[in-house]
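Thanks for coming. I will go through one model and stop at a handful of places in it. Please have the viewer open.

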Amino acid sequence: ETAGYVQWPNTAWCPSDSYDPRFRPWYAAPSTGPKDVVVVVDTSGSMGNSGRAELAREATKAILDTLSWKDFASIVLFGEKVKATFSNKLVYVTEDQRRAMKAWIDQQEWADGGTDFRNALFQSDEDGHGAFKIIADSVAAGSTSMCQKAIIFLTDGEADFSDGDYIRAQEEASRYDTFIFTYAIGAGAEVAFCKNLACQNRGIFYPVRDGSNLAHIMASYYRYFASGQEMCDPTFVEYSDAITGEQLYAGCLPMYDRKQPLPKHVGVSCLDLNLLETIDNMKNNSGWHDLVCKMSDVSKTCRPLDLQDCHIEQLRKEAAEVSVCHSSAWEVKTSCPCIDQMCQDDPTYTDELGYYCDTWIGDDCYGAKTNWGYSEAGQADVLKYCKRSCNICEWKDPCPYSGASTCASKPSSVQPFCRACETDKVSGVDIEGCYMSCTDEKRTCPSVVNAASHTISWSGGLPRLLSLLVVAVFGLAS
């Protein structure tokens, strides 16, 4: 692969061979909208073969590095039953939370016992929660980004999984707008199960040879979302500088090749805030909280995923020929339908229960009255003002466009107000790790969950921003 990395000011630095900017939080997180991720890893005894357990451990950490404070995540380790979960509900992935999750990862047993795929996905008892139970409980508790969800499933073994189990998985994935990505490592892994589970749930199956760069392969899952989500507004990211270790805030925006109807993600450009002013001076300004709130709002806005089966099959073929879900007689199309470029949401609209359009992504807008108690007029308004998020825009086949539309033609999600001042239907934390609030006086900053000891540790203080840095990455390879 070929790619370029540009940084200002110039720094004398020799990164390790494992360093790849595309898996840094400032690159991966702004490439997609917010998401919920459950990492499900087989830790049966066979994972002790060929160094798989250590590869899986590092791959799980690499996935966490693609997430930021706007995302939610948890981890499930399974054998014959669920052996360990980081949290029974999804947690927001701030820098401090990521460190706690990595510390927990290092304390777990990664190769012991048998294998049961059902429990990994469906277990729901006092002994442990499978992936779908974690997602269901998180949604019920509001511990969610309210955007797309992904299950990232790794195994090296075999286990029973019936037709009824596949149907159950499809029903759960459809209910919670969940995409399932599966990874079969080693010659003994259950390829048929992994492929079927991914194909039936809008995901991609990856066959992985022993000794491969599993961390790179699994952490690349975010490119699926980057392929179908056009980010026209900046995402603001808190991250630790790879050179100095300092905490930084950066405003980042992806770059796209627009020579085809579906924009192709080719890189990310970032600018650190303190190039404009020192962070201390910013924090002493009366408008600092308003800035934090608006940076958080635009970063936390859910993005529609403009991918149909045709596009997904193309992505599967890029992964591996065996990952293509249709029969060999079905040729993967080179030209796919495209969405009506004029069909957009009204970013200022809130429905009768106080939700913005983007929070309808993945939900059935036609079921607003039946499922959530909206009035007929309320449901009609959702369908009128939230067409893109409701996934009711027209898909044109054949596609009449020679290229993608520009961001200038789309409504911006950057608004002159803070969402927390307009509605109480906000979730998660802001970029400083505090609960979303309208005024600074009402802010509370939660603690970090330390699941390894089932205790809570306080993440005191605000991150420091000391470096002056302009970063650009141009991911020119496919």
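His326 sits in the loop that runs between α12 and β14, the latter being residues 338-339. Is His326 buried, exposed or partly exposed? Its relative accessibility is 36%, so His326 counts as partly exposed, the range between 20% and 50%. If you put a distance between C-alpha atoms, His326 and Leu291 come out 48 Å apart, with the two positions 35 residues apart along the chain.

This is a predicted model, and confidence comes next. The average pLDDT of the chain is 88, and 93% of the residues reach at least 70. The stretch to keep in mind is 452-478, where pLDDT stays under 50. The model still has 91 contacts beyond four places in sequence for those residues. Where pLDDT is low, the predicted coordinates should not be read in detail. I will leave that stretch there.

Back to α12. Its buried residues are Cys310, His311, Ile312, Glu313, Leu315 and Arg316. Note that the list includes Glu313 and Arg316. Which elements cover the buried residues of α12? Among them are α7, residues 191-199, α9, residues 222-228, and β15.

On the other side of α12 in sequence is the loop from α11, residues 288-300, to α12, residues 309-319, and Thr301 is in that loop. Thr301 has a relative accessible area of 6%, which is under 20%, so Thr301 is buried. A polar atom of the Thr301 side chain lies 2.9 Å from the backbone oxygen of Asp297. Leaving out residues up to four places away in sequence, Thr301 touches Pro34, Asp358, Ser413 and Arg419.

A second threonine, Thr85, belongs to strand β4, which covers residues 82-85. Thr85 is buried as well, because its relative accessible area of 17% is under the 20% limit. The side chain of Thr85 makes a polar contact of 3.1 Å with the side chain of Asn88.

Now a helix pair. Two packed helices are described by the angle between their axes and the distance between the axes. For α2 and α3, the latter being residues 95-106, the angle is about 170° and the axes are 10 Å apart. How are α2 and α3 oriented to each other? An angle over 145 degrees counts as roughly antiparallel, so that is the label for α2 and α3. From α2, the contact uses Arg57, Thr60, Lys61 and Leu64, and from α3 it uses Arg98, Met101, Lys102, Ile105 and Asp106. By type, the residues of this contact are five charged, three nonpolar and one polar.

Last, some backbone geometry for anyone checking torsions. Ser50 is not a glycine but has a positive phi of about 55°. Ser50 is in the loop from β2, residues 35-42, to α2, residues 52-64. Asn391, also not a glycine, has a positive phi of about 60°. The loop in this case goes from α14, residues 376-385, to β15, and Asn391 lies in it. Asn391 counts as exposed because its relative accessibility is 57%, over the 50% cut-off.

Where is the cis peptide bond between Asp397 and Pro398? Pro398 is in the loop between β15, residues 395-396, and α15, residues 419-422. The bond from Asp397 to Pro398 has omega near 5°.

That is my list.

Note on methods: Residues numbered from 1 in each chain as written. Predicted model: local features only at pLDDT ≥ 70, side-chain atom pairs only at ≥ 80, totals over all residues. Heavy atoms only, no water. Helix = DSSP H or I, 4+ residues; strand = E, 2+ residues; numbered from the N terminus. Buried < 20%, exposed > 50% of the residue type's maximum accessible area, 1.4 Å probe, protein only. Polar contact = N/O pair within 3.5 Å; in protein donor to acceptor, adjacent residues only side chain to side chain. Contact = heavy atoms within 4.5 Å. pLDDT = per-residue confidence, 0-100. Axes fitted to C-alpha atoms, helices over the stretch in contact; angles between N-to-C directions. Parallel < 35°, antiparallel > 145°, perpendicular 65-115°, else oblique. Nonpolar A, V, L, I, M, F, W, Y, C, P; charged D, E, K, R; others polar.
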